[in-house]
Every structure is written in structure tokens, then in C-alpha cells.
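Me: I would like a close look at a single part of this protein. Please keep it brisk.

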Amino acid sequence: YTRMGNPTVHALEEAVAALEQGAAGHAAATGMAAIAAVLLGLLSQGDHVVAGDCLYGPTHVVIGRELTRFGISATFVDTADPERVAAALQPHTRLLFVETPANPTLKITDLAAMARLTREGRTLLVVDNTFATPYLQRPLTLGADVVVHSLTKALNGHSDVLGGMVIVKDGEISQKIRRFLSLFGGTMDPHQAWLILRGLRTLALRVDRAQANAARLAEFLDQHPRVEWVRYPGRPQHPGHELAKNQMDGFGTMLCFGVKGGLMAGRAFIDRLDLITRAVSLGGVESLIQHPASMTHAGVPREERLAAGIGDDLVRLSVGCEEVEDLMADLDRALGAVP
Ligand code: PLP
């Protein structure tokens with residue numbers, strides 16, 4: 001009975017757990033189902049969560065608004081600043097939730113520093129490693145207790161299936177997650193697992209290619225007269241560049257930038273792209289672009305969004321495996337056509 005376990009799903013759980021150097025993996029129907037299993041499976045009434053101020057929009061909404069219905073409070077902080085995290089931790093803080101590189105600002109958080117802070121108390125360090133993938137970053141080896149993934153993204157890589165995974169290193173936490181998923185039913189279907197296992201085989205090839213493209217595009221956009229600013233962890237100007245160099249094996253496939261003229265110019269630019277598709281997903285072989293303020297992060301209150309650095313002009317680009325010259329030509333033509 002697949003809700004309790006399935007051999008194909010188990011093969012995927014073993015593969016992703018091995019990549020993350022964890023003790024066990026627990027597959028979920030989606031990335032959000034994996035995140036829900038961690039939050040609801042490990043937290044209880046009266047607990048407190050500290051979370052990064054820059055997270056995938058629905059994660060922010062679940063932690064900041066949904067958990068309060070169960071008596072679980074949260075504080076959002078800039079996790080790139082360990083002192084702010086230290087100040088936010090309280091005696092009843094049970095969980096610290098971090099994304100690095102963060103979605104969509106690509107802010108980098110020092111995971112070893114976060115682990116040093118949480119180790120002092122009963123706090124679990126949970127890292128959403130979707131953006132980096134275990135090919136580029138393995139948070140459990142840096143002291144995290146739990147890693148979550150949206151397998152919908154680069155681990156599958158073909159934008160044709162949803163999936164999530166919780167990877168743990170502790171037996172007790174492992175049992176709680178397994179129990180939660182099978183009781184509440186957010187488990188994975190074997191057909192999903194089979195497709196993701198197929199995608200996983202080319203993870204390194206795809207990430208290598210897309211990452212090389214991303215580095216080229218970051219430089220190209222930086223020099224473009226219609227572009228106001230560019231943020232990519234691989235650029236020495238990025239405030240987290242040195243940290244990313246130390247804790248990651250590469251700078252990833254995501255970048256963000258602002259088009260001169262702000263929100264309207266950014267929208268007009270996206271409308272004029274031809275090869276690059278407007279869509280909210282990421283990590284696929286095809287490049288996708290989106291505008292977080294009106295798409296993925298529309299549910300986050302504007303003041304909170306702006307305070308976290310997600311400006312109205314921010315455009316997020318997930319770079320794929322296409323010919324980089326074609327991508328540059330598409331960006332150049334669309335930027336040139338902005339009124
Ligand atoms: N975490 C991150 C960093 C994401 O970008 C996403 C989706 O975009 C999710 C989690 C949620 O994943 P899913 O759509 O598979 O539920």
C-alpha cells in the first residue's frame with residue numbers, strides 16, 4: 001500500500017539521501033508537502049520558529065500565517081546576518097528554517113554559523129536546498145539537521161512532474177516524518193518517483209551546463225544598458241560571494257536582475273521574450289523567467305517583501321541548458337524592445 005511505502009519511491013529516497021549524505025529520505029507529493037511534513041510533524045503548540053526573511057512565498061505564508069492557527073509563532077530575520085539570528089532565537093525556538101541561496105534574492109546564509117547557533121539549544125536547523133541541489137551544496141555536512149527539496153525543480157529537471165523530499169540524519173526525526181507523511185497522506189506516487197529517478201541521472205550534466213550559461217548571462221546582463229542591477233552569487237560584487245565559494249561547489253543556475261524603468265519596464269521586457277518562457281518554476285532544462293512581486297511572492301505582504309529585498313522591479317531568471325548565444329539574443333532583443 002503505497003502510502004506506507006513503495007519500492008520505486010524507496011529507490012528515489014535512497015538516491016537523494018545518498019546525494020545529501022543523510023541517513024534517510026522521505027518522499028512527498030510536492031515540495032510544499034515535504035515542508036509541511038517538517039513543520040507539522042516536528043512542531044507542537046507553543047513552539048517558536050525563526051525563519052529567513054527571504055523564502056519561497058508559500059513557505060513564508062505557511063510559517064508566518066498558517067502555523068499561528070496551531071499556536072506556533074514565528075520571527076523572520078535576515079539569516080545572512082548571524083547576529084540577528086542569535087537575537088531572534090528564544091528558549092522555545094524549536095526550528096530555524098533557511099534557504100540559501102534564497103528565493104528570489106539569492107542571498108547567501110552561512111550554514112555552519114547557523115548550525116553553531118542552533119546546536120546550543122533544542123533548535124533544529126532545517127535547510128531548503130532546492131536552489132543549490134546536493135550537487136552544489138550539502139547542508140547536512142555543514143551541521144543542518146534536516147534538508148528539504150522541491151524535486152519538481154532541478155533534481156527532476158524536466159518540468160514534467162511534482163515531488164518533494166525530506167532528508168534527515170537522526171532516527172527519531174526520521175520516524176516522526178515518516179509517520180506524519182503516511183498518516184496525513186502527503187506521500188509520493190511511484191510514477192512520480194520513476195520520472196524523478198530518470199531526471200536525477202543527468203543532474204550533474206544539466207547543472208554544469210546551466211551554471212556555465214548563468215555565469216555568462218550574469219556578465220552579459222550586467223553590461224546591458226537597459227539593466228539596472230544584476231545579482232548572481234558567482235560575481236565578486238555579490239555580498240555573499242566569498243561565503244558561496246566556501247560552502248558551495250558552484251554558484252548555481254539562478255540569477256535575478258532589475259530592468260531600468262522598474263516594474264512596468266520589467267513586465268514589458270518579459271512580455272517580449274520569445275525563447276525564454278514566463279513561468280514560476282525553476283531548475284528545468286529550459287530557461288524560465290518570472291516576476292516575484294506579482295507571481296511567486298504576491299502572497300507576501302508588500303512591506304515584508306520590500307524589507308527582504310524583493311523589490312517591485314526584481315526579475316528572476318532560472319537558466320536552462322539552451323545554447324547561451326540564443327539566450328543572450330533573446331534577452332537582448334526583448335530588452336531593446338522595452339518602450
Ligand atoms: N522550495 C523552493 C525553494 C521552491 O522554489 C519551491 C517551488 O518553487 C518549493 C519549495 C515548493 O515546491 P513544490 O512546488 O514542489 O511544492
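Where is the place of Phe-70? Please go on to strand 12 after that.

Reply: This is a predicted model, in which local features need pLDDT of at least 70, side-chain atom pairs count only at pLDDT 80 or more, and totals for chains, interfaces and linings use all residues. Residues are numbered from 1 along each chain as its sequence is written, and side-chain values use heavy atoms, with hydrogens and water left out.

Phe-70 sits in the loop between helix 3 (57-66) and strand 3 (73-77). Helices (H or I, at least four residues) and strands (E, at least two) are DSSP runs, numbered from the N terminus. Phe-70 is partly exposed, at a relative accessible area of 41%. On this scale, buried means under 20%, exposed over 50%, and partly exposed in between (1.4 Å probe, protein chains only). Beyond its neighbours within four places in sequence, Phe-70 is in contact with Leu-40 and Gln-45. Contact means heavy atoms within 4.5 Å. Thr-123 is 53 residues from Phe-70 along the chain, and their C-alpha atoms are 19 Å apart.

Now strand 12 (residues 314-318). Of its 5 residues, 5 are buried, so the rest of the structure largely encloses this strand. In a regular strand the side chains alternate between the two faces of the sheet. Leu-314, Arg-316 and Ser-318 are buried on one side of strand 12, Val-315 and Leu-317 on the other.

Strand 12 pairs with strand 9 (residues 254-259), antiparallel, over 5 bridges. Two strands pair if DSSP finds at least two bridges between them. Here Phe-257 stands opposite Val-315. Strand 11 (residues 288-290) also runs antiparallel to strand 12, joined by 3 bridges. There, Ile-289 stands opposite Leu-317.
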